[in-house]
Amino acid sequence: MPCNSEDFPVPCDRCMDKLPEGETPEGEKTNAEVKSCCYVRYPDGAVRLRNPNIELMDQDILYHLALGSGSHDLQQMFGDVKFVCMGGTPKRMEQFANFIMDEIGYKLPAGTTLLDISQYSYRYSMYKVGPVLSISHGMGIPSVGILLHEVIKLMYHARVKDPVFFRLGTCGGIGLDGGQLVITDEAVDGMMRPFLELPVLGQLVQRPSKLDTELAKELQSLSTQDDPFETHVGRTMCTYDFYEGQGRLDGAFCDYTEKEKLEFLHKVHDNNILNMEMESLAFAALTHHAGIRAAVICVTLLNRLNGDQVASSKEVLNEWQNRPQAIVARYIKKHMGMTGPAPRPPPPGPKTVVNSKKLKFVREESQSYE
Ligand code: R2B
Ligand code: URA
């Protein structure tokens, strides 16, 4: 129901100040009483979509997740989600799911194991451990963008209340050696512009790539003196390419000199940009547009001021990649009030598949096309 509808509940007073100038959808209420959460939240805190088309659809197929609102009971499956954690690869996110299961003491019934909920998509993988979702997002802005559209819709269908999204990733440090953590407070593109620019219907649409700075600071506060790494908060450059896009000399092509490369990286560094990676811009822009609190926390794999190749050993790289996970686990445990007994899985509930014909269709759809 659009915000300007007479039927829309009285605007609540949770977050008007977070609505940037000019973000009020055209034709809708512009007066100061309309709060931004009226666009992105129902009064009970459940995620509301800024797309009136979805609720008019008979069913919504989340094609790249191999889930659907007509085939699955999404509220029963995902209604208790609080933390949505994303990272590049399926293996890493399976490992995170197992790690967080240990950390929060979540016990699976004997003889069972975690299952990739999106296995039939052959695109992304998704694991659920109590209130935590662990999802792979692939590489680059298009991949994370598609996933975010579907995960945000999943939150809506499941009536999830106030979820927090995290990207746990890797990056190149700018002036930081390998193994350090960077929590992004603002993502910028390769031109140092703080928005995602996307052609929509032949027009360039710009969405601010803001992240929740309070959340970033809270995550930073969860690192301790005993951690074998530093945790920095700063700006992140998000590029459309790993090689030329990040000024590397070791791609298949290189039309600039080492001097030009270093001039660029030093300019980036002078603009308080601490790292480079390939997803934060879309992650920040889409979560911000959806009014979802979000953080990007990446480990540096090398200092780009010293070189281009990721040359540390597999063991070292694996240990470094656990570092963002450790901080996010501390946040999750803190917000689960993990001083009491470990959570138990819910008792077997009603069946999650509500329509097996539609399920077969959703699986076939997800599988069969490139
Ligand atoms: C970091 O690492 C990947 C490229 O190697 C990319 O997904 C990113 O953001
Ligand atoms: N990921 C990137 O995008 N860049 C790096 O330099 C390392 C990891």
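Let me start with Met-86, which stands opposite Ile-135 in strand β5, and please keep in mind that what we are looking at is a predicted model. The strand on the other side of that pairing is β3, residues 83–87, which runs parallel to β5 and is joined to it by five bridges. β5 also pairs with β4, this time in an antiparallel arrangement with four bridges, and within that pairing Lys-128 has Leu-133 as its bridge partner. The two strands β4 and β5 make a hairpin with two residues between them, and Gly-130 in the turn has a positive phi of about 55°.

As for β5 itself, residues 132–136, five of its five residues are buried; Val-132, Ser-134 and Ser-136 point one way, while Leu-133 and Ile-135 point the other.

Now to the annotated positions. The UniProt record, an unreviewed entry, carries a "binding site" annotation that covers Arg-123, Arg-167, Leu-168, Gly-169 and Thr-170. Arg-123 lies in the loop between α3 and β4, and it counts as partly exposed because 19 other C-beta atoms lie within 10 Å. Thr-170, by contrast, belongs to strand β6, residues 164–173, and is classed as buried because 22 other C-beta atoms lie within 10 Å. Leaving aside residues up to four places away in sequence, Thr-170 touches Glu-277, Cys-298, Val-299, Leu-301 and Gln-321.

Finally, which residues surround ligand 1? They are Gly-88, Met-139, Gly-169, Thr-170, Cys-171, Phe-242, Glu-277, Met-278 and Glu-279, and they divide into four nonpolar, three polar and two charged, with β6 giving the most to this shell, namely three residues.

Conventions. Residues are numbered from 1 along each chain as its sequence is written. Chains are lettered from A and ligands numbered from 1 in the order in which they are written. This is a predicted model: local features need pLDDT of at least 70, side-chain atom pairs count only at pLDDT 80 or more; totals for chains, interfaces and linings use all residues. UniProt positions are given in the numbering used here, feature names are shortened, and annotations may be inferred rather than shown by experiment. A residue is buried if 20 or more other C-beta atoms lie within 10 Å of its own, exposed if 12 or fewer, and partly exposed in between; C-beta atoms are placed from the backbone. Two residues are in contact if their C-beta atoms, placed from the backbone, lie within 7 Å. A residue is near a molecule or strand if its C-beta atom, placed from the backbone, lies within 6 Å of it. Ala, Val, Leu, Ile, Met, Phe, Trp, Tyr, Cys and Pro count as nonpolar, Asp, Glu, Lys and Arg as charged, and the others, Gly among them, as polar. Two strands pair if DSSP finds at least two bridges between them.
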